[in-house]
Protein chains: 6
Amino acid sequence: MSRFGTVGVALRNVQRADAGTVERLGVHGVATIHEAQGRTGLLKPYMRPIYPGAALCGTAVTVLAQPGDNWMLHVAAEMIRPGDVVVVALTTDNDDGMFGDLLATSYHARGCRGLVIDAGVRDVRTLAEMKFPVWSRAINARGTVKATLGSVNVPVVCAGVPVEPGDVIVADDDGVVVVPRERAADVAAAAEAREKKEEATRARLATGELGLDIYGMRDTLAKAGLKYVE
Amino acid sequence: MSRFGTVGVALRNVQRADAGTVERLGVHGVATIHEAQGRTGLLKPYMRPIYPGAALCGTAVTVLAQPGDNWMLHVAAEMIRPGDVVVVALTTDNDDGMFGDLLATSYHARGCRGLVIDAGVRDVRTLAEMKFPVWSRAINARGTVKATLGSVNVPVVCAGVPVEPGDVIVADDDGVVVVPRERAADVAAAAEAREKKEEATRARLATGELGLDIYGMRDTLAKAGLKYVE
Amino acid sequence: MSRFGTVGVALRNVQRADAGTVERLGVHGVATIHEAQGRTGLLKPYMRPIYPGAALCGTAVTVLAQPGDNWMLHVAAEMIRPGDVVVVALTTDNDDGMFGDLLATSYHARGCRGLVIDAGVRDVRTLAEMKFPVWSRAINARGTVKATLGSVNVPVVCAGVPVEPGDVIVADDDGVVVVPRERAADVAAAAEAREKKEEATRARLATGELGLDIYGMRDTLAKAGLKYVE
Amino acid sequence: MSRFGTVGVALRNVQRADAGTVERLGVHGVATIHEAQGRTGLLKPYMRPIYPGAALCGTAVTVLAQPGDNWMLHVAAEMIRPGDVVVVALTTDNDDGMFGDLLATSYHARGCRGLVIDAGVRDVRTLAEMKFPVWSRAINARGTVKATLGSVNVPVVCAGVPVEPGDVIVADDDGVVVVPRERAADVAAAAEAREKKEEATRARLATGELGLDIYGMRDTLAKAGLKYVE
Amino acid sequence: MSRFGTVGVALRNVQRADAGTVERLGVHGVATIHEAQGRTGLLKPYMRPIYPGAALCGTAVTVLAQPGDNWMLHVAAEMIRPGDVVVVALTTDNDDGMFGDLLATSYHARGCRGLVIDAGVRDVRTLAEMKFPVWSRAINARGTVKATLGSVNVPVVCAGVPVEPGDVIVADDDGVVVVPRERAADVAAAAEAREKKEEATRARLATGELGLDIYGMRDTLAKAGLKYVE
Amino acid sequence: MSRFGTVGVALRNVQRADAGTVERLGVHGVATIHEAQGRTGLLKPYMRPIYPGAALCGTAVTVLAQPGDNWMLHVAAEMIRPGDVVVVALTTDNDDGMFGDLLATSYHARGCRGLVIDAGVRDVRTLAEMKFPVWSRAINARGTVKATLGSVNVPVVCAGVPVEPGDVIVADDDGVVVVPRERAADVAAAAEAREKKEEATRARLATGELGLDIYGMRDTLAKAGLKYVE
């Protein structure tokens, strides 16, 4: 299948990342996961949650949609399994409100944990009350048609990052990060190690000790030529 | 009067949309109203509320203002009648903070329900405490002068949408929609019909039934050529 | 020292604005301070707080950082004295997440009141829980390197405004304003006078009296040619 | 007809502005026309010509198109009469390349003088060679579908300005201005008067005489409080 | 290798698309190629040529660079073979001027046909005189450091599109399109077929015949409900 | 005088940078000057010339203007001496067309070499024919009023960079750079040294020699951990 996201196809069976690994990843924040996989996989920062405190971790059902057209979001509903997150990429930049409370009701009923959409979303107050988390590029009441095919469960590029069906999606107030399915266990382990190390550092920093000393930066700063002036 | 919003005029008497119709429209969200009038009348999505949960419905007093100049917002205060919403358009793009807690105190005292301004607003914390809702293109403390005439109660284009004095303005977390005065009753009826229909659909979707089946999309998808892959 | 912010220098001793004056300034909002110093000193409005209700007043420790590199934010930690606010400018536009909960723990332990950064910030939920206020151009989990020198406590231009170490920084929901150290007392006095005057005006406006009459605008509007139409 | 641009309608017979008046307007630049009608009618400045020196004046055939869909541009071809300019507005922001060399060949064959489109355009090198002038919000090779109805010859808002079929469109390197059909003769006369007056001013300025003296600004500057410092 | 573009690797041997196929693709414009491969592969339209008439076709050497750091562009120089095009993606958005006349001299000497860079470029006048074509997101004189590793010849996402080393890059005034190496021959054939078909259509349109009739749209428009009004 | 640019003042006598030094700086491009002064002084890259090949070097007359108001540009005309460049900063972001062919005629008659304006400009075709170079943030026909004071020859921040009257301004296709008057001779010398060194490098690169070898990067790349893969 083309890496550009073939149009007109819907895959029913997708291998999801291991459920236990998903749970392990879900206890960490987006920043930690992003660091743990070598500073990769982070969606562009224009992707924002629709309410403070929104957070999720799940496996991707991917959607490729056309501008102003949410037809494929209905096709995707059937593909959702409990624990999934729907990730919507578009063939071109578009801010229209492709998703609202009706689709959220449907997705929620199918066990979907939330939505990541490189387009607009509407009915955001209702979605917040439903505790259905969404990360989007816009909040926009503009409605859409159902006229042109896209695809479901093909590789997509969402907000600058390649996503494949079954990948792990972690999202919180800091944004959205994608963990490739095949790397999920390694990244979970790296995140746990990082978190442990940071805890110790945090405790030292809280006493007023300086990062300059904890991380041993004074020598490299001097070598780089930093001049302290009294 | 020119459709471009003549400068230097203030109209005292404006025919408002019928009060009962305004109340009927006010029970619906922006997305519903926008759909009910054929996906028209929605301001561009950069218009955002200054606090979550802000919502209003009222009749428009329109203002055409110059960049960096809020003189006409003072002239508009006198035109406000209880139930009005002030809608401010500018002659050119400008983000300055044209409206703050003093004008809000004045507008509130005159019975104004809120503000829609294609410019900046300030004192937003105080406005939130006053529960005075505002939709704006920016939050900006920058002050403005009172030096160049605009107009009050002329036709304007606000955030991409033509607004006439007396139109109905509905705004919530999803944005702002304008309903022309002469169409208000029809749109209210259409919104009510749509809402009723959506309730039934929502109940079915909540059980896990698919939109594909409820809306009968399977045939049209097949005709359009969608290929399901197992 | 160059007004362009020399690279490779860290100043240890900086004259801060007088502490009593800082407290006097801190009781006013950003809009009031900005007006009190002749509508100057306001950072561009893309600088937004990471949580509603964030507010601070303190003295500036300035940082000049390179894109994608937060090394100098560690150097700055050592320069912080209780009551300081760290102000980060960049040599070029960059949205990376240069500051997170570890640096916040460190800064907080040193007595820092908050951060103003013309770049990105991450771990925003934790920062909100810590009540560590930040104003930034972006929320972004993207991590940064420690490879290239910048400076600490040199003159910088942050979000369009020249800032010098020791200046007073006032920030709230409306944005961020800089008060030059040497003008701080005068601006405090002007802000107090303005506030007093506004209180009286507010009371009159609250009764429904018009700004047109309170400010005596009717004559100047007539001279400018405003035509009232019944 | 709704001021919001009804969808699904194509008007065959439109009253164009008087041909002689169009020619009179065509000898002036966009800045002059915009000033002559009281600084109104100018499209937002993101509308740029695809090649330097592009210029046109003609009567508007208006199009309302859907995002990513150029169907209505084909419907419009039939409505073109010699001397027309096609003006395309969209129901939502979209940058796709709705117009290329094939449509340009068609439009040119029908006597069309050029295109103003609040979307993207492609084949720009060929269009430049054809001397077919276009003003657009983007240059973009992205292709579009023909699936959803818009309208032809209805009132639209293009790049912030209301346009009606038959209006005069003037465009050059400075941008695009719309002159309402019913005001065309008055604006032509005002433009001619302005041009004549400017010629005399230009001659005086060319000798080094100052605008301060020609326009008599010294007194008003002094009254406003300008202080000259030696 | 990770689809996210591993950091710290430089691949020397890359399989390029077949040279003959590259030449076949090079006779078509970007719009034609983009259509011929099913409307995929087009970089976002903010990628613009630095001079009018710039055009190229060649095989990709890919670079993943850090913000404000052009080190990897020097590493890439060694990988260039005659007929290559260097494609630079960044780990984060950055507009700095990573490429100028010195690197262009080097690349040109190695047989490079041009540059596609999702960052800034400088010395654009000299590059235009050298006829060294560049497509970039910005023109920017800002200099960069050589401090942090990226990679050469790994998969990248450039301006929204996944690119692999050896892919075919076609660029002209309309933008930049990527053709995957393994699909190059098929796309060349499809482009040729499309071009031939368009020639015939162009000839008919040039006589004034309408696309409505050539493409047989009248029926589908009627079915969709378009109403013609006299 | 406040570093924020006091409003209401016009300075008649300003010490310009030495004329000989200005000429020495004028033979170099913007990128060279920017590097020669330690990568500082470069205006943000949104400042673009209105025609290709525009270039200038001269001494700054600074203007602080209000949004939508070009009054101070007339005051500045009187301050121009042969060899000057007018640099316009605004109190807030604004794109209006503050400068056109009349002011250009006046400025040219006074010996002005060109304009750098963080706002809009109009009549660009005429300006190009006059060979009057302008760098601006927008091309925009929108006219402006003459109602509110700004200042002439005060310190300003233009497109992110502090500029003082008498500074040297160098501008070309790559953008605009400011050289502080007091550093002008040093920067000229550094630019000459850099240019000489680059000439030798350019000759070596033109033979196909690699920057990796000329700059001796292979060791540092290896130490940083770059892995070459065959």
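## A tour from D:His34 to helix 6 of chain C

Start by selecting D:His34, which sits in helix 2 (residues 30-36) of chain D. Keep in mind as you go that this is a predicted model.

Switch on a surface: is D:His34 buried or exposed? Its relative accessibility is 0%, and buried means under 20%, so D:His34 counts as buried.

Now show what surrounds this side chain. Leaving aside residues up to four places away in sequence, D:His34 touches D:Arg39, D:Thr40, D:Leu42 and D:Val177 in chain D, and it also reaches F:Arg122, F:Ala141, F:Arg142 and F:Gly143 in chain F. Add D:Val187 to the view: 153 residues separate D:His34 from D:Val187 in sequence, yet their C-alpha atoms are 9.0 Å apart.

Next, move to chain C and select helix 6, residues 184-206. Its 23 residues, at 1.5 Å a residue, should span 33 Å, and the end C-alpha atoms lie 32 Å apart, so the two values agree.

Colour the buried residues of this helix: C:Ala184, C:Val187, C:Ala188, C:Ala191, C:Glu198, C:Thr201 and C:Leu205. What do they pack against? Within chain C, the partners are helix 1 (19-26), helix 2 (30-36), strand 10 (168-172), strand 11 (175-179) and helix 7 (211-214). Chain B contributes helix 4 (101-109).

Follow the chain past helix 6 to C:Gly208, where phi is positive, near 105 degrees.

Finally, zoom out to two chain pairs. Chains C and D have no contact, with their closest C-alpha atoms 14 Å apart. Chains B and E do not touch either, and their nearest C-alpha atoms are 14 Å apart.

Terms used
Residues numbered from 1 in each chain as written. Chains lettered and ligands numbered in written order. Predicted model: local features only at pLDDT ≥ 70, side-chain atom pairs only at ≥ 80, totals over all residues. Heavy atoms only, no water. Contact = heavy atoms within 4.5 Å. Helix = DSSP H or I, 4+ residues; strand = E, 2+ residues; numbered from the N terminus. Expected span 1.5 Å × (residues − 1). Buried < 20%, exposed > 50% of the residue type's maximum accessible area, 1.4 Å probe, protein only.
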